[in-house]
Amino acid sequence: QLQLVESGGGSVEAGGSLRLSCAASGYSISNICVAWFRQSPGKEREGVAGIDDRGKATYADAVKGRFTISKDNAKNTLYLQMDSLKPEDTGMYYCAADFCAFPEGMRWLYESTFGYWGQGTQVTVSS
């Protein structure tokens with residue numbers, strides 16, 4: 001079974017940067033859709049960025065131009081580079097994965113798309 005383990009979270013001042021990593025095991029991420037989600041207390045989990053099995057990335061409007069999702073298929077690891085961080089970026093960040101079971105061109109960065117999740121890593125951005 002696919003397992004995901006996040007790392008790289010921490011505390012940073014507004015304007016700073018962090019890089020999150022998601023180490024996958026049990027299946028190659030080259031064959032599936034992978035994504036980052038985040039959640040803060042009292043709010044629903046929201047998609048941040050995703051990359052499909054063809055290497056095409058998609059981003060939430062709130063992070064476009066600031067975050068970059070990438071993956072290293074050889075290392076079976078997903079990354080999220082976060083720059084120009086804002087206090088509203090604070091939350092628990094989760095790595096998610098599943099087969100890309102949707103037609104090409106359809107939007108897919110939704111919680112219901114994914115059946116495999118990591119435990120999360122906390123990101124705190126202070127003003």
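Is Phe-99 buried, partly exposed or exposed? In this predicted model, Phe-99 is partly exposed, because its relative accessible area is 47% and that class ends at 50%. Tyr-27 falls into the partly exposed class too, with 37% relative accessibility.

These two residues bring us to the aromatic pairs, of which the structure holds six. In one of them, the ring centres of Tyr-27 and Phe-99 are 5.4 Å apart and the planes meet at 75°, so the arrangement is edge-to-face. Tyr-27 sits in the loop between strands S3 (18–25) and S4 (33–39), while Phe-99 belongs to the loop between S9 (91–98) and S10 (116–117); the pair therefore ties together parts that lie 72 residues apart in sequence.

Phe-37 and Phe-114 make another edge-to-face pair, with centres 5.6 Å apart and planes at 75°. Here strand S4 supplies Phe-37 and the loop between S9 and S10 supplies Phe-114, a separation of 77 residues. Both of these residues are buried. They also take part in one aromatic cluster, together with Phe-102, Trp-108 and Trp-117.

Trp-108 turns up again at the largest pocket, which encloses about 330 Å³ of space. Asp-52, Lys-56, Gly-105, Met-106 and Trp-108 are the closest to the pocket centre among its 17 lining residues. By type, the lining comprises nine nonpolar, two polar and six charged residues.

Turning to the strands, an open antiparallel sheet has the order S1-S3-S8-S7. S1 (3–7) and S7 (67–72) are the edge strands, each with a single partner, so one side of each has no neighbour in the sheet. Six bridges join S7 to its antiparallel partner S8 (77–82), and Phe-67 stands opposite Met-82 in S8.

Note on methods. Residues numbered from 1 in each chain as written. Predicted model: local features only at pLDDT ≥ 70, side-chain atom pairs only at ≥ 80, totals over all residues. Heavy atoms only, no water. 1 Å grid on protein atoms, 1.4 Å probe; cavity = no way out; pocket = protein on both sides within 12 Å on 5 of 7 lines; lining within 4 Å. Points joined across faces, edges and corners; volume = space filled by probe spheres on them. Nonpolar A, V, L, I, M, F, W, Y, C, P; charged D, E, K, R; others polar. Pairing = 2+ DSSP bridges. Helix = DSSP H or I, 4+ residues; strand = E, 2+ residues; numbered from the N terminus. Phe/Tyr/Trp six-rings, centres within 6.5 Å; stacked < 30°, edge-to-face > 60°. Buried < 20%, exposed > 50% of the residue type's maximum accessible area, 1.4 Å probe, protein only.
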